[in-house]
Amino acid sequence: MSVSFATLLYAHCFDMFARTITSGPYTGMRAIFNSGPLTMMNDEGVVIAELSDQETMMDILMQEFTDNSFALPKQGDVVGFAADTDIAGGSYEITDGPSFNSGGQATYYIRKVETAAP
Amino acid sequence: MTDVPWTGTGGVSDTQSYSWIILNAIFDRLSASSFFQNFSIKRITRALPIEAGYQIPSIGIYLGSETAVADGDPNAGDIRLQHTVPVGMQIVVKNNDPVAMQATLDRAKWFILNQLLRDNTLTNRLKTTIPDNVRIEGFPRLRIPSPDWGRDSKNETPIGMQLIELFYTIRSEWYPTDFPDLKTIVVTEYPENPPPPTTATGTGTGSGTSLTVTSVTGTIEPGAAIAGAGVPVGTTIVSQQSGTTGGNGVYTTSAATTSIAAALTFQNPIAIQHVDVVYQFNPDYVPIPLTGPHP
């Protein structure tokens, strides 16, 4: 008998850590945010300052999207999240993904939807 | 005090390098320009990272690694160097539209090149508004890498970054501060091949050291060697007492002669022309190093 990580493991993780998507084409679905520091160094040999940013990812359970008749998110889609306690909300654009693990979870790189500057 | 003594002009170049002065000149121009004046961050040092979350758009003007080579023979004259200095310019913007963002970066790049390379107050080789009239000799190299979009497009902030590396050339001359042992050099120059002596002839009658000469052909000059009957070897004309200068007349000789209407020959001295050239270091001159890229 095979083990369903999606049901036996990830579903419980999502119950604990996932946030609800509050705007965009996937409103009502849920995803887990994961963000960490990212530093851009000088890759070109030119004299530049380092640039500190975040690398933010979003995990979804594929089965949940299928069960609710959603296609999997793709590059350019926008997902919105409400603020949650001390975690900021906002709209994010999917830039890369999905990438899959073998347990039914899909991971996306996302970036903030920002006002162009300048 | 053990400092090497030198006197500057009282300007900023007394204490700051030319490359720092030029870096500030570039920074001042770009940071006040229409394109960049409202940027969140404008920096001249890269000591701190740019925080993508709240410091974009940003522009940084940074000094690269300065190098210098001898300006002329390294072992002749004052120490002169030709410096090459790279200035790195980093423009960071944000936009979720990649095409619009690249267009913005391209405008920024073009704007910078037009602002810097068309600015006569910056690039004129004779007169600039750069402090102490520090002058840029030229721009030997320009490098503009492809725009960067963050670390493999994994950034949370939709950034785009344009880098520009502009190299410029300056010169410096480092005068010695003191010459205590040498003030004057005197050089006497002689022609390598002296001209042949001129001669004169005449008929002479001597009385003691007075010699009356008639029928003179040529010109008799003081110092001329006299040869002929009644004239001791080595006798010369000392001066002319009377008569036509260099011609018929009475001359004083260096020794008594006994000539009587004798045919005489006068060999004039060689007229060696020499030139004295004096090189003198002004003992009151105070060298002024570090006051301008090239005096």
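**Chain A architecture, nonpolar cores and the setting of B:T235**

In this predicted model, the secondary-structure elements of chain A follow the order α-β-β-β-α-β-β-β from the N terminus on, giving two helices and six strands in that chain. Chain A comprises 118 residues, of which 23% count as buried, and among its contacts with a separation of 6 or more, 44% are made by residues 24 or more positions apart.

The largest nonpolar core contains 42 residues, and those with the most contacts inside it are B:I22, B:I26, B:I61, B:I91 and B:V92. Two or more residues of this core are contributed by each of helix 1 (18–31), strand 3 (58–63), strand 5 (79–94), helix 2 (98–117) and strand 7 (159–174) of chain B. When neighbours within four places in sequence are left aside, B:I26 is found in contact with B:I61, B:V87 and B:L116. A second core, separate from that one, has 14 residues, including A:A18, A:I21, A:Y26 and A:Y92.

Elsewhere in chain B, B:T235 lies in the loop between strand 10 (225–227) and strand 11 (237–243). This loop residue is classed as buried because 21 other C-beta atoms lie within 10 Å, the cut-off for that class being 20 or more. Beyond neighbours within four places in sequence, the contacts of B:T235 are with B:I226, B:T253, B:S254, B:A255 and B:T257. The C-alpha atoms of B:T235 and B:G223 are separated by 9.1 Å in space, the two residues being twelve apart in sequence.

Note on methods
Residues numbered from 1 in each chain as written. Chains lettered and ligands numbered in written order. Predicted model: local features only at pLDDT ≥ 70, side-chain atom pairs only at ≥ 80, totals over all residues. Core = buried A, V, L, I, M, F, W, Y, C linked by C-beta atoms within 7 Å. Buried ≥ 20, exposed ≤ 12 C-beta atoms within 10 Å, placed from the backbone. Helix = DSSP H or I, 4+ residues; strand = E, 2+ residues; numbered from the N terminus. Contact = placed C-beta atoms within 7 Å.
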